[in-house]
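Thank you for coming; I would like to take a few minutes to walk through one structure. Please have a look at it while I talk, and stop me wherever something is unclear.

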Amino acid sequence: MIQKGITLLARGIYINNQNCIRISYPGNELIFDQQIRFYLTNKYPSIMPFVGYCYENKIQHIFLENKSNGTLKDFIENNKNQIDLTHKLIISYGIAHAMNYLHGHEIIHRNLKPSNIYLDSNFYPYLSNFYRARQIKMP
């Protein structure tokens, strides 16, 4: 389990035979509710697939589909000199594609960083951690 600020992240959890990650929000119902609403209303190929949520001992948990290559941060740290141009372009294009979707729906992520981007087995990126995201209204 990894502890970062107010969230706790656990990997290797299975729900209905699906490998998931669990993000826990101890005592912060506002952030938890915002994340649930976001994942339920924004289904998109570049956004981490939502599996479910639960409450357990006053701690809220969100379950997202796990991606085989972990976070972009971990991937970069473990493969510094081994990322070829093709994989860099796949990752860059996927992130740009996701941001285009969000901005097209007037959503600002506000926390885009390598630790909030997961990579699947084909190095396609998926955005996560939308607790700082905001819906903006254009005039």
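I will start with the chain as a whole, then turn to a pocket, two backbone angles, some individual residues and the salt bridges.

Before anything else, please keep in mind that this is a predicted model, and that the values I quote are computed from it.

Let me begin with the overall layout. The chain holds three helices and nine strands, and if we read along the sequence, these elements follow one another in the pattern β-β-β-α-β-β-α-α-β-β-β-β. Of the 139 residues in the chain, 45% are buried. The accessible surface of the chain amounts to about 8,200 Å², and carbon and sulfur atoms account for 52% of that area. As for how the chain comes together, if we take the contacts between residues at least 6 apart in sequence, 60% of those contacts join residues at least 24 apart.

Now to the pocket. Rolling a probe the size of a water molecule over the atoms shows where empty space is left. In this model the second largest pocket contains about 200 Å³ of space. Which residues line the second largest pocket? The lining is made up of Gln34, Arg37, Phe38, Thr41, Asn42, Ile107, Phe130, Ala133, Arg134 and Gln135. Two elements give two or more residues to this lining, namely helix H1, which covers 29–41, and strand E9, which covers 134–135. H1 provides the largest share, with four residues. In chemical terms, the lining divides into four nonpolar, four polar and two charged residues.

Helix H1 also holds Gln35. Is Gln35 buried or exposed? Gln35 counts as buried because its relative accessible area is 1%, and the cut-off for that class is under 20%. Leaving aside neighbours within four places in sequence, the residues in contact with Gln35 are Tyr25, Ile62, Asn129, Phe130 and Tyr131. One of these contacts, Phe130, is a residue that we have already met in the lining of the second largest pocket.

Another contact of Gln35, Asn129, brings me to the backbone. Asn129 has a positive phi of about 60 degrees, although this residue is not a glycine. Asn129 sits in the loop between strand E8, residues 125–127, and E9, and it is classed as buried because its relative accessibility is 13%. A positive phi also appears at Arg110, where the value is near 65 degrees, again in a residue other than glycine. Arg110 lies in the loop between strand E6 (107–108) and strand E7 (117–119). With a relative accessibility of 49%, Arg110 is therefore counted as partly exposed.

Next, two aromatic residues in the strands. Tyr55 belongs to strand E4, which runs over residues 50–56, and it counts as exposed because its relative accessibility is 51%, where the class requires over 50%. Not counting residues up to four places away in sequence, Tyr55 touches Phe32, Asp33 and Gln60. The C-alpha atoms of Tyr55 and Pro26 are separated by 9.9 Å, although the two residues are 29 residues apart along the chain. Phe63, in turn, is found in strand E5, residues 59–65, and with a relative accessible area of 9% it is classed as buried. Between the C-alpha atoms of Phe63 and Gly52, which are 11 residues apart along the chain, the separation is 5.1 Å.

Finally, the charged pairs. How many salt bridges does the count come to? The count comes to two. In one of them Lys67 pairs with Glu65, and the closest N and O atoms are 2.4 Å apart. Lys67 is buried, at a relative accessible area of 7%, whereas Glu65 is partly exposed, at 24% relative accessibility. In the other, the side chains of Glu77 and Lys73 meet at 3.4 Å, N to O. These two residues are separated by about one helical turn, because they stand four residues apart in helix H2, residues 72–78. Both partners are partly exposed, Glu77 with a relative accessible area of 44% and Lys73 with 32%.

That is all I had prepared, and I am happy to go back to any part of it.

Note on methods:
Residues numbered from 1 in each chain as written. Predicted model: local features only at pLDDT ≥ 70, side-chain atom pairs only at ≥ 80, totals over all residues. Heavy atoms only, no water. 1 Å grid on protein atoms, 1.4 Å probe; cavity = no way out; pocket = protein on both sides within 12 Å on 5 of 7 lines; lining within 4 Å. Points joined across faces, edges and corners; volume = space filled by probe spheres on them. Nonpolar A, V, L, I, M, F, W, Y, C, P; charged D, E, K, R; others polar. Buried < 20%, exposed > 50% of the residue type's maximum accessible area, 1.4 Å probe, protein only. Contact = heavy atoms within 4.5 Å. Areas by Shrake-Rupley, 256 points an atom, 1.4 Å probe, with all protein chains shown as cover. Salt bridge = Lys/Arg side-chain N within 4 Å of Asp/Glu carboxyl O.
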